[in-house]
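Ready to practise reading a protein model? Work through the exercises below with the structure open, and try each task before you peek at the solution.

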Amino acid sequence: MLRRFVPLLTFAVLSGCSLTQPQQDHEQTMQAINVMEDRVNFQLATMIKQIDDQNAYIANLETKISTLSDDMSQHYSDSALLAFSEEEEEAAPVPEIRDNDPRIAHGKVILGEEEWVWLDATQSFYKARVDTGATTSSVSATNIQIFERDGKEWARFNMNHTSDEAPSEADMVEAPVVRWVKIRQASASGPNRRPVIEAWVKLGQLHEKAQFTLADRTQMTYPVLLGREFFKDIALVDVGKKFVQGMNEQQVQQN
């Protein structure tokens, strides 16, 4: 009787082993997958935190750069405003221009081909030629002497009106030299260096500091020549008129 059940018992044991083995392999596989998934999730969380930290660092840098840019812009604005204010303080007072004045047009002074010019240095009027073709103004000068004063170049000269005028009768002027220019003449073999001075001049309602090249103009009709640098942006030239501004001695005495 026992011999009859031995094969059956053996078959049952073997069948149970064959069913248990796949189940164990499946559990091990699932456990490995879970472990790997945990590792991936941990690495992903670490990367996300690093990215968040970098974004916060970048945002902080952008804030600092923006603040620095605003500070620099404010600094440059303050510097420009200060420079503009200093220029305004140093600029000569602008005369009040009346629209009904025939010597004024579109807010600018009208100049004729010839005008009377007052020089503060000599306290005298001189006849001037208004030349739209010349860049720099020029004034008649003889016996030019260059000397040093307070570490700067100055020029001393006689302002002769004509060649017949004695030097002792001519006005003597002393003025600082601001620069030198080279003048080419057809009669000369090479360019001549001439000093350029600054002087206060008055022409009608204009009272400006202008630059003048020193040149011997005793053979010319006008002891003073006014170039574009003097009247640009502040005057209109009508070459068909003369002495539009006139010789306003009352205004000169008030200044």
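**Exercise 1. A residue with an unusual backbone angle**

Task: Find the strand that holds Asn 143, and decide whether Asn 143 counts as buried, partly exposed or exposed.

Solution. Start with the place: Asn 143 belongs to strand 6, which covers residues 142–149. Keep in mind that this is a predicted model. Next, look at the backbone: phi of Asn 143 is near 55 degrees, a positive value in a residue other than glycine. Most residues other than glycine have a negative phi. Last step, the surface: buried needs under 20% and exposed needs over 50%. Asn 143 has 44% relative accessibility, so it counts as partly exposed.

Now try Phe 243 in the same way. Phe 243 sits in the loop between strand 12 and helix 3 (249–254). Its phi is positive too, about 50 degrees, and Phe 243 is not a glycine. With 29% relative accessibility, Phe 243 is therefore partly exposed.

**Exercise 2. Strand 5 and its neighbours**

Task: Work out which strands pair with strand 5, and in which sense.

Solution. Strand 5 spans residues 137–140. On to its partners: strand 10 (residues 206–215) pairs with strand 5 in the parallel sense, over four bridges. Here Val 139 stands opposite Leu 214. Strand 11 (residues 224–226) runs antiparallel to strand 5, and two bridges join them. In that pairing, Ser 138 has Leu 225 as its bridge partner.

Now check the faces of strand 5. Ser 137 and Val 139 are buried on one side, and Ser 138 and Ser 140 are buried on the other, so both faces are covered.

What about the loop between strand 10 and strand 11? Thr 218 is found there. Its relative accessible area is 11%, so Thr 218 is buried. The side chain of Thr 218 also makes a polar contact with the side chain of Asp 216, at 2.7 Å.

**Exercise 3. Into the core**

Task: Which residues touch the most other members of the largest nonpolar core?

Solution. This core has 29 residues, and the ones you're after are Phe 212, Val 224 and Leu 226. Take Phe 212 and leave out residues up to four places away in sequence: its contacts include Ser 137, Ser 138 and Val 139, as well as Val 224, Leu 225 and Leu 226. Compare those with the strands from Exercise 2: residues 137–140 make up strand 5, and residues 224–226 make up strand 11.

**Exercise 4. A small sheet**

Task: Name the edge strands of the open sheet with the order 1-2-12.

Solution. The sheet has three strands with mixed pairing. Strand 1 (104–105) and strand 12 (235–238) each pair on one side only, so these are the edges. Strand 1 pairs with strand 2 (residues 108–112) in the antiparallel sense, over two bridges. One bridge in this pairing joins Ala 105 to Lys 108.

**Exercise 5. Rings and charges**

Task: Describe how the rings of Trp 118 and Phe 125 are arranged.

Solution. The structure holds three aromatic pairs. In the pair of Trp 118 and Phe 125, the centres are 5.1 Å apart and the planes make an angle of 65 degrees. An angle over 60 counts as edge-to-face, and this pair is edge-to-face. Both Trp 118 and Phe 125 are buried.

Now look for charges over rings. Arg 149 lies over the face of Trp 154, 4.4 Å from the ring centre. The charged end of Arg 193 sits over the ring of Trp 180, 4.5 Å from its centre.

Conventions: Residues numbered from 1 in each chain as written. Predicted model: local features only at pLDDT ≥ 70, side-chain atom pairs only at ≥ 80, totals over all residues. Heavy atoms only, no water. Core = buried A, V, L, I, M, F, W, Y, C linked by side-chain atoms within 4.5 Å. Buried < 20%, exposed > 50% of the residue type's maximum accessible area, 1.4 Å probe, protein only. Contact = heavy atoms within 4.5 Å. Polar contact = N/O pair within 3.5 Å; in protein donor to acceptor, adjacent residues only side chain to side chain. Phe/Tyr/Trp six-rings, centres within 6.5 Å; stacked < 30°, edge-to-face > 60°. Lys NZ or Arg CZ within 6 Å of the ring centre and 35° of its normal.
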